[in-house]
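I opened this one to see how its two chains meet. Here are my notes, in the order I looked things up.

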Amino acid sequence: MKNWYKILSVILILYTLVWGMLAPVPRLDILNETIRNVFYHVPIWFSMLFMMTVSLFYSIKTLQTNSLLHDSKALDAAIVGFFFSIPGITTGSIWAKYTWGTWWTFQDPKLNGVAISILIYTAYFILRSSVDDEQKRAKISAVYNVFAFVMMNVFIMILPRLTDSLHPGNGGNPAFAKYDMDNGMRMVFYPAVIGWILFSYWIFNVKNRISILKNKLND
Amino acid sequence: MFLALIKKEFLLEFRQKSTLGGVMVYLAGTIFVSALCFKGRMDKPTWNALFWVITLFTSVTISGKSFLKEAGGQGLFNYLHYPARHFIIAKIAYNMAFMFVLSLITFFFYALFIKNEVENMSLFFVVLLLASTGLAGILSLMSAISARANGNFAMMSILSFPVVMPLIMVIIRVSKQAVDGIEWAAIGFDFIIILIALNVLTLALSFLLFPYLWRD
């Protein structure tokens with residue numbers, strides 16, 4: 001059974017999509033029913049971060065081995081992570097509209113952080129497209145990817161914890177205490193995280209198989 | 001060996017003078033334009049932000065050139081003659097010194113033409129020093145990348161502005177405290193510690209990653 005994780009991810013995501021809507025949630029001021037977005041918004045960001053970590057892993061491998069195979073994996077993981085940031089931003093923006101009253105605010109360090117992270121990875125794709133030689137491109141973009149990943153983490157993990165933020169878990173608060181998640185919510189939230197991360201890994205695998213085939217066709 | 005590399009950088013810079021002259025004219029021009037546009041109507045946060053925007057552009061300009069010179073025969077000579085890690089340390093040290101001096105000059109003209117809002121001078125100079133170290137650490141590596149990618153100035157800005165942002169935001173925070181004139185005893189040291197940690201982090205990353213760019 002080498003496809004177990006695909007089946008598991010489909011089951012978990014289906015379960016969280018359905019039960020996330022039906023499960024009883026705590027009634028909190030302002031948040032009200034929108035607290036259910038925690039089941040969708042947060043796991044999507046987690047899988048984006050997971051994909052970027054995979055990309056970092058293969059970039060380091062590329063530097064060690066100089067293999068183009070690892071380089072194409074690093075690129076594919078970055079692309080999948082980048083696309084996960086789109087639903088991440090969309091769900092966050094809709095949620096913000098109903099709780100903070102605005103689609104986007106520059107007051108929140110985490111929002112600035114993800115905006116800059118998206119810029120960083122756009123720069124990574126531009127850098128890749130500007131070099132023709134494959135070996136050279138692999139090396140240069142791997143170096144940039146390692147640097148970019150560290151800077152992104154400084155921005156979205158460290159800085160928000162130091163400044164005032166509208167997000168829970170920031171401004172000095174420990175990560176989940178302010179979510180006021182009860183045990184019922186945790187029963188949906190953790191499966192959702194696992195499900196979406198497995199799902200992103202599945203997309204990454206398919207994407208990578210396509211790019212390997214494309215490379216074979218080109219040769 | 002190491003000192004010889006730094007000396008070489010300074011010699012090349014002052015022999016050509018085009019970069020130096022260009023940056024000085026850029027600085028004078030920007031500050032004069034800002035002075036004319038704002039006409040002294042500037043509050044402290046704006047003063048702070050504008051100062052760092054000017055400094056950021058100056059540092060991207062001067063460090064962007066630092067690896068473009070290493071193309072062709074000269075690059076090959078350096079590659080054969082010096083170990084990669086010595087080379088990047090020399091570049092960072094040189095860029096850092098150059099940027100620190102330039103930021104002092106920027107501050108002088110900025111205070112002269114616009115006004116001097118800084119109330120805690122010693123803290124401000126500490127921020128200038130830490131900022132030039134951090135910027136030199138990041139931008140030297142970015143310059144090496146963009147030179148390898150046959151890049152021009154546009155490539156340099158595309159690559160460096162997003163990765164420089166975390167550093168700049170922390171710098172602006174600390175610098176704001178200096179501008180507001182908060183006493184040393186009352187300063188929030190969180191951000192200074194983060195700034196120092198970021199400096200160490202970027203220097204370590206440049207040091208570790210540069211050899212991969214050097215071998216080609």
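I started with a helix pair across the chains: α5(A) and helix α6 (residues 121–148) of chain B pack at an angle of about 155°, their axes 10 Å apart. For the axes I used lines fitted to C-alpha atoms, for helices over the stretch in contact, with angles from 0 to 180 degrees between N-to-C directions. Helices here are DSSP runs of H or I with at least four residues, strands are runs of E with at least two, and both are numbered from the N terminus. α5(A) and α6(B) are therefore roughly antiparallel, a label for angles over 145 degrees. Their crossing is left-handed, meaning that the near helix is turned anticlockwise from the far one by less than a right angle.

A note on sources: this is a predicted model, where local features need pLDDT of at least 70 and side-chain atom pairs count only at pLDDT 80 or more, while totals for chains, interfaces and linings use all residues. Residues are numbered from 1 along each chain as its sequence is written, and chains are lettered from A and ligands numbered from 1 in the order in which they are written.

Which residues of α5(A) meet α6(B)? I found A:K136, A:I140, A:V143, A:Y144 and A:F147, facing B:L141, B:I145 and B:R148. Contact means C-beta atoms, placed from the backbone, within 7 Å. By class, this contact has 6 nonpolar, no polar and 2 charged residues. I counted Ala, Val, Leu, Ile, Met, Phe, Trp, Tyr, Cys and Pro as nonpolar, Asp, Glu, Lys and Arg as charged, and the others, Gly among them, as polar.

Next, the whole interface: 23 residues of chain A are in contact with 22 residues of chain B. On the chain A side, α4 (109–130) and α5 (134–162) each supply at least two residues, and α5(A) gives the largest share, 14 residues. That side divides into 20 nonpolar, 1 polar and 2 charged residues.

Then I looked up A:N66, in the loop between α2 (41–65) and α3 (68–99) of chain A. Its phi is near 65°, positive in a residue other than glycine. Most residues other than glycine have a negative phi. A:N66 counts as partly exposed because it has 15 C-beta neighbours inside 10 Å; buried takes 20 or more, exposed 12 or fewer, with C-beta atoms placed from the backbone.

Last, chain A overall: I noted 6 helices and 0 strands. Buried residues make up 41% of its 219 residues.

Key:
Two residues are in contact if their C-beta atoms, placed from the backbone, lie within 7 Å. Angles under 35 degrees count as roughly parallel, over 145 as roughly antiparallel, 65 to 115 as roughly perpendicular and the rest as oblique.
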